[in-house]
Amino acid sequence: MNTSTGERCPSLDIAFGSEVAPLLWVWDFDQTILSIHSYGQRIKPEDVLSGKRNLDEDVADVVFFKQFISEVLKNGSSVAVASFGEYEVIQAYLDILVPGVFNRENISTPTCVGGRDGQGLHDGKVPQLEKLLSGIFRKKVTKEMRARTVLFDDQVDNIRRAIGAGYIAVHTPDAFTRQEWCAMRSFLPSDLVRKA
Ligand SMILES: [Mg+2]
């Protein structure tokens with residue numbers, strides 16, 4: 001489902017210049033970047049790479065996600081995925097969606113933190129966020145780094161745990177779309193986004 005119209009809320013309005021502008025933007029995968037649950041549907045990497053899957057149908061908002069990624073990278077932020085799903089499937093989708101942006105370093109799945117792909121972790125996404133930060137920035141994670149990391153996730157429990165650990169976390173129950181971003185912007189810290 002592609003919900004981008006390009007008419008409402010055309011700009012992202014992220015306050016990139018600010019000293020506390022985000023270092024790292026992190027997305028959950030199933031039902032956040034995708035509108036569907038690829039793990040639940042047992043989708044295989046070859047289903048995606050062979051073109052059997054229609055990305056316009058599987059990705060919640062293709063146009064907006066690509067625009068968002070391109071804009072935050074251009075402005076010096078990093079991007080990552082933190083999912084409980086299967087690494088190879090996520091990599092396959094992202095290779096087609098935004099080629100060259102995501103790899104094993106910035107796609108975190110449970111195997112990265114001692115779990116098994118497809119199985120949720122006790123502390124939600126927090127161990128994965130910690131490992132992403134230390135891996136991408138090659139240093140010990142600080143409170144300031146956590147406060148400049150934003151997680152989008154459709155599962156409210158992951159949001160609560162991330163906020164409890166000092167991250168910015170935004171609940172996206174209807175997935176990551178331009179419409180949701182426009183609605184959630186007013187709830188984000190003012191040093192993160194410019195208020196209308
Ligand atoms: Mg999800």
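This section describes the fold, the strand pairing, the nonpolar core and selected local features of a predicted model.

The chain contains 9 helices and 5 strands. Read from the N terminus, these elements follow the order β-α-α-α-α-β-α-β-α-α-β-α-β-α. The radius of gyration is 16 Å, close to the 16 Å that the globule rule gives for 196 residues, so the chain is as compact as a globular protein of that length. Along the principal axes, the C-alpha atoms occupy a box of roughly 40 × 40 × 30 Å. Of the 196 residues, 38% are buried. Among contacts with a separation of 6 or more, 67% are between residues 24 or more positions apart.

Strand E1 comprises residues 24-27. The side chains of Leu-24 and Val-26 point one way from this strand, those of Trp-25 and Trp-27 point the other way, and all four residues are buried. In a regular strand the side chains alternate between the two faces of the sheet. E1 pairs with E2 in the parallel sense, through 4 bridges. Within this pairing, Leu-24 of E1 has Ser-78 in E2 as its bridge partner. E1 is also joined to E4 by 4 bridges, and these two strands likewise run parallel. Here Trp-27 is opposite Phe-152 in E4. E1 is thus paired with both E2 and E4.

E4 is further joined to E5, again in parallel and again by 4 bridges. Asp-153 is placed opposite His-171 in E5. Together with helix H8, the strands E4 and E5 form a right-handed β-α-β unit. H8 spans residues 156-164, and its buried residues are Asn-158, Ile-159, Arg-161 and Ala-162. The cover over these buried residues includes helix H6 (126-137), strand E4 (149-153) and strand E5 (168-171). The two strands of the β-α-β unit are therefore among the elements that cover the buried residues of H8.

Val-156 also belongs to H8. Val-156 has 11 C-beta neighbours inside 10 Å and counts as exposed, because the limit for an exposed residue is 12 or fewer. The C-alpha atoms of Val-156 and Pro-173 are 8.0 Å apart in space, with the two positions 17 residues apart in sequence numbering. Just after H8, Gly-166 adopts a positive phi of about 100°.

In soluble globular proteins, nonpolar side chains tend to be buried together. In the present model the largest nonpolar core has 42 residues. The members that touch the most other members are Val-26, Ile-33, Val-81, Leu-129 and Leu-151. Val-26 is one of the buried residues of E1. With neighbours within four places in sequence left aside, Ile-33 is in contact with Trp-27, Val-59, Ala-60, Phe-65 and Phe-176.

Val-81 is located in strand E2 (residues 78-82). Val-81 counts as buried because 24 C-beta neighbours lie inside 10 Å, against a threshold of 20 or more. Under the same exclusion of neighbours within four places, the contacts of Val-81 are Val-26, Trp-27, Phe-29, Ile-90, Phe-102, Asn-106, Ile-107 and Ser-108. For one of these residues, Asn-106, the C-alpha to C-alpha distance to Val-81 is 6.3 Å, across 25 residues in sequence. Trp-27 appears in the contact list of Ile-33 and also in that of Val-81.

Positive phi values also occur in residues other than glycine. Arg-42 has a phi near 55° and is placed in the loop between helix H1 (29-33) and helix H2 (45-49). With 11 C-beta neighbours inside 10 Å, Arg-42 counts as exposed. Ala-175 has a phi near 75° and lies in the loop between E5 and helix H9 (178-184). Ala-175 is buried, having 24 other C-beta atoms within 10 Å. Of these two loop residues, then, Arg-42 is exposed, whereas Ala-175 is buried.

Notes:
Residues are numbered from 1 along each chain as its sequence is written. This is a predicted model: local features need pLDDT of at least 70, side-chain atom pairs count only at pLDDT 80 or more; totals for chains, interfaces and linings use all residues. The radius of gyration is taken over C-alpha atoms; the globule rule is 2.2 Å times the number of residues to the power 0.38. Two residues are in contact if their C-beta atoms, placed from the backbone, lie within 7 Å. A nonpolar core is a set of buried Ala, Val, Leu, Ile, Met, Phe, Trp, Tyr and Cys residues joined through C-beta atoms within 7 Å. Two strands pair if DSSP finds at least two bridges between them. A crossover is right-handed if, with the strands pointing away from the viewer, the path from the first strand over the helix to the second runs clockwise.
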